[in-house]
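Here is a short briefing to read with the model open beside you. We will start with confidence, then move on to packing and one helix.

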Amino acid sequence: MEFFTVHAGTFQSNDIGTDATERSHRATRIKMGETFYPSIRRLAVVRPFGVSSAASLPQTFSDWADFLPCNVVDRIDENNVEVDIFLSFSQTYEASPNALSSINTVIDKFNAESTENEISWSKCFRNIFAIEANILADDDLYLPNQARRNMMWVNGPNRQFSAAVRSITGGDFGKYDAMFLMEGDCMPMKKYWLDSLLEEAEGSFLEHGPFAILGR
């Protein structure tokens with residue numbers, strides 16, 4: 001699992017305004033010398049998947065019912081990090097009915113549970129989006145058994161990652177402070193795992209300053 005920062009801007013001390021919005025964000029900035037760095041206030045959680053894993057995608061979200069991402073009951077809205085989910089498909093949805101069906105299942109469940117009074121994983125997130133990497137089938141390769149002899153063995157995941165970063169940093173979805181790459185084999189093992197990840201990332205930020213990559 002890995003966190004990546006996706007913001008590049010910093011704030012000089014004389015750039016900080018005095019309006020109410022600016023004042024409300026001062027607590028989320030860290031001063032290092034004469035420069036202010038924003039902490040994580042908007043996070044993109046990216047769930048990459050490919051042709052072979054499309055059918056199992058909805059089940060991975062159903063498992064979140066047993067291990068809720070956040071403590072929904074004790075959430076304080078004004079202090080929460082805004083978190084969005086990005087379902088990132090390696091090819092195109094138009095050419096893959098199975099992938100399209102799977103994301104519709106996940107999105108429909110997210111929308112339905114978001115409006116219910118029951119506690120659910122969907123209440124830990126603000127929005128859910130579907131993005132695609134548009135990789136040609138012949139180039140969408142992941143061949144670990146050929147790692148020693150085929151330089152293209154991981155071409156699919158590499159290009160999918162690059163496409164996801166371009167989508168998130170392109171501005172169409174607003175500005176994010178960080179991205180969490182949650183690959184298919186990254187499965188929650190305890191409840192409130194999203195709260196723990198954010199706490200770890202924010203703790204590293206406060207102790208060491210802005211990071212490019214944080215993970216194991």
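In this predicted model, strand β2 (residues 11-12) has the lowest mean pLDDT among the elements of the protein chain, 30, and strand β7 (residues 127-132) the highest, 98. Here pLDDT is the predictor's confidence in each residue, from 0 to 100, and strands (E, at least two residues) and helices (H or I, at least four) are DSSP runs numbered from the N terminus. Local features need pLDDT of at least 70 and side-chain atom pairs 80 or more, while totals for chains, interfaces and linings use all residues. Residues are numbered from 1 along each chain as its sequence is written, and side-chain values use heavy atoms, without hydrogens or water.

**Confidence**
- The chain has a mean pLDDT of 82, with 80% of its residues at 70 or more.
- Residues 7-28 fall below 50, although this stretch has 31 contacts (heavy atoms within 4.5 Å) beyond near neighbours in sequence.
- Where pLDDT is low, the predicted coordinates should not be read in detail.

**Core**
- The largest nonpolar core (buried Ala, Val, Leu, Ile, Met, Phe, Trp, Tyr and Cys joined through side-chain atoms within 4.5 Å) has 37 residues.
- L43, F49, L87, W121 and F125 have the most contacts inside this core.
- Beyond four places in sequence, F125 is in contact with V45, W64, P69, V83, I85, F110 and L194.

**Helix α5**
- W193, L194, L197, L198, A201, S204 and F205 are buried (under 20% relative accessible area, 1.4 Å probe, protein chains only).
- The face turned away from the buried side carries E199, L206 and E207, which are exposed (over 50%).
- Just after α5, G209 takes a positive phi of about 90°.
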